[in-house]
Amino acid sequence: MIHEKNFEKNDQFTLTMMPGGFAKKMRTCLIFQAFRFAVINIKMLVVVSKSH
Amino acid sequence: MARLIVMGGGVSGHTTATFAKKWLGKEHEVVVVTPNSQWNWIPSNIWVGVGQMTKKDVVFPLAPVYKKAGIDYRQAKAVSIHPEGKEGDETPFITIEYTSPDKAGQTEEISYDYLVNATGPKLNFDATPGLGNGAGQMGSHTVSVCTADHAVHANEELQKIFDKAKNGTRQKILVGTGHGLCTCQGAAFEYIFNIEHEAKKAGVRDMLDIKWISNESFMGDFGMGGLHMKVGGYVVSSKLFAESLFAERDVPWLIGAHVNKVENGKAHYELLDGTMGVEEFDFAMLIPPFAGVGIKAYAKDGSDMTDKIFAPNGFMKVDADYSGKPYSEWKASDWPRTYQNPDYKNMFAAGIAFAPPHPISKPMKSVNGTDIFPTPPRTGMPAGIIGKAVAYTICDMIKDPNAKPHEASMAEMGAACVASAGKGLTSGTAAAMTVYPVVPDFEKYPGTGRDTNYTFGEIGLAGHWIKHVLHHMFIWKAKLRPAWTLIPE
């Protein structure tokens with residue numbers, strides 16, 4: 001699988017984890033990221049309010 | 001009428017001065033002393049460094065903003081502090097040296113009732129031979145994204161590298177920390193992945209070897225000892241996600257490294273296991289270590305008391321525990337709460353300018369005895385919160401000298417951070433994170449030191465949009481545009 005090709009490049013890469021094709025696609029999926037934009041902003045505002 | 005002097009006009013100093021002036025009104029004076037004529041939104045410098053923003057996008061002139069706010073603005077650097085005054089006059093004062101073109105080199109004394117040191121870091125390039133030019137400035141072998149001008153130069157050099165790559169010559173890019181005691185690994189992280197992203201866009205990624213070098217003992221430390229977050233039913237260390245991103249983007253790493261010399265195309269380093277090595281490069285961005293800006297302090301009789309007011313690293317002592325206790329005894333309560341100098345209660349240090357009691361990350365020494373570990377970060381949100389708390393305290397003290405200081409411990413506040421991994425309205429990504437608290441409290445949160453309900457991170461386009469929003473929002477706030485006080489630090 002293309003997203004797994006880096007595993008063989010060196011020992012460092014072999015021993016970590018790699019996102020699959022779906023996980024990578026969702027990072028720039030506009031609809032999903034619009035939802036995440038709202039969620040992350042809420043999470044950040046909660047932390048901001050706890051800090052003031 | 002009282003006079004507050006704020007030394008420094010960055011995130012922390014600007015926040016202190018503008019809020020103090022707003023709350024004090026015309027009855028009291030607020031003076032800002034800063035050698036810079038412009039305010040810089042530093043988090044966006046990395047985009048200037050890859051040509052995705054211009055210098056104009058990240059700076060604006062301070063004079064008109066301070067004039068609008070009624071703040072007395074002196075474009076000058078602070079040279080010395082005299083908290084006891086001098087013989088015959090006990091009024092405390094500072095001495096400044098103007099950097100504005102019309103008064104360059106002129107010195108002046110300015111008395112104060114309250115003083116805030118928000119001078120930020122000295123970019124200590126000369127701490128690593130070859131990283132600096134020997135005269136306190138960046139050397140010629142590497143680039144930097146610490147200032148807007150540095151970032152403009154960095155992009156110019158980066159484009160030359162891309163051109164060589166396009167012409168078929170393989171190029172090596174090295175990004176990370178330029179000394180064993182650096183902080184700001186996050187900025188280097190952003191820069192390396194923005195370079196990688198731009199390289200892909202330019203069609204030259206396969207002609208570049210991009211490598212990370214840092215003083216962290218594990219990937220994802222970022223000067224905070226890493227963080228733990230809940231993912232898929234597990235509580236996971238940031239190490240896993242940091243390593244994953246580097247592997248995914250084909251960027252190998254060299255960590256536990258103290259860069260001890262830089263030459264043309266070569267970075268010499270020592271590792272924690274004592275190994276000495278050399279990384280060759282065609283282009284390198286290595287963050288310099290930070291120090292205090294070098295302000296001196298004098299007693300009433302003129303004797304030098306810099307060591308009393310400042311820690312050896314040049315940062316100002318505040319209400320922190322400087323006893324030098326070992327790592328096993330570190331506590332959240334070691335960290336300051338009020339940022340008042342312990343000897344002079346009308347003097348404060350905010351943002352990067354205060355001396356931390358110790359690092360957050362575990363201190364490590366190489367087998368040769370070389371210190372190699374990240375020093376603590378003071379990112380924008382805590383810097384702003386501290387600045388505002390100090391402003392509150394001073395305004396209360398002006399009304400009542402015995403007023404209780406406001407508190408803003410980094411062990412009781414969180415931070416929201418966004419680390420860009422590439423710019424693009426529909427193709428960009430960034431790691432959006434919250435950490436609560438910034439300084440881990442292992443007594444309150446056994447195991448991770450942080451509340452995992454409020455500590456998280458994820459990478460995606462949403463994070464990139466947030467970084468854009470923050471860019472515009474904080475510049476709006478710093479310019480004191482309408483409703484600026486409603487924007488939280």
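This passage describes an open sheet in chain B of a predicted model, together with a helix that lies across the sheet and a hairpin of the same chain.

The sheet consists of four strands in the order S14-S11-S10-S18 (chain B), and their pairing is parallel. Its edges are formed by strand S14 (253-254) and strand S18 (283-287) of chain B, each of which pairs on one side only. Strand S10 of chain B, comprising residues 171-177, is joined to strand S11 of chain B, comprising residues 208-213, by six bridges in the parallel sense, and within this pairing Lys172(B) stands opposite Asp209(B) of S11(B). S11(B) also pairs with S14(B), again in the parallel sense, over two bridges, with Ile213(B) placed opposite Leu254(B) of S14(B).

Five of the six residues of S11(B) are buried, and the strand is accordingly described as mostly covered. The chain reaches S11(B) from S10(B) by way of H6(B), in a β-α-β crossover that is right-handed. Helix H6 of chain B, which spans residues 185-202, lies across S10, S11 and S18 of chain B, and the helix runs at about 160° to S10(B).

A hairpin is formed by strand S12 (residues 228-231) and strand S13 (residues 234-237) of chain B, which pair over four bridges in the antiparallel sense. Val231(B) has Tyr234(B) in S13(B) as its bridge partner, and of the two residues that lie between the strands of this hairpin, Gly232(B) takes a positive phi near 55°.

Definitions and conventions. Residues are numbered from 1 along each chain as its sequence is written. Chains are lettered from A and ligands numbered from 1 in the order in which they are written. This is a predicted model: local features need pLDDT of at least 70, side-chain atom pairs count only at pLDDT 80 or more; totals for chains, interfaces and linings use all residues. Two strands pair if DSSP finds at least two bridges between them. Two residues are in contact if their C-beta atoms, placed from the backbone, lie within 7 Å. Axes are lines fitted to C-alpha atoms, for helices over the stretch in contact, and angles run from 0 to 180 degrees between N-to-C directions. A residue is buried if 20 or more other C-beta atoms lie within 10 Å of its own, exposed if 12 or fewer, and partly exposed in between; C-beta atoms are placed from the backbone. A crossover is right-handed if, with the strands pointing away from the viewer, the path from the first strand over the helix to the second runs clockwise.
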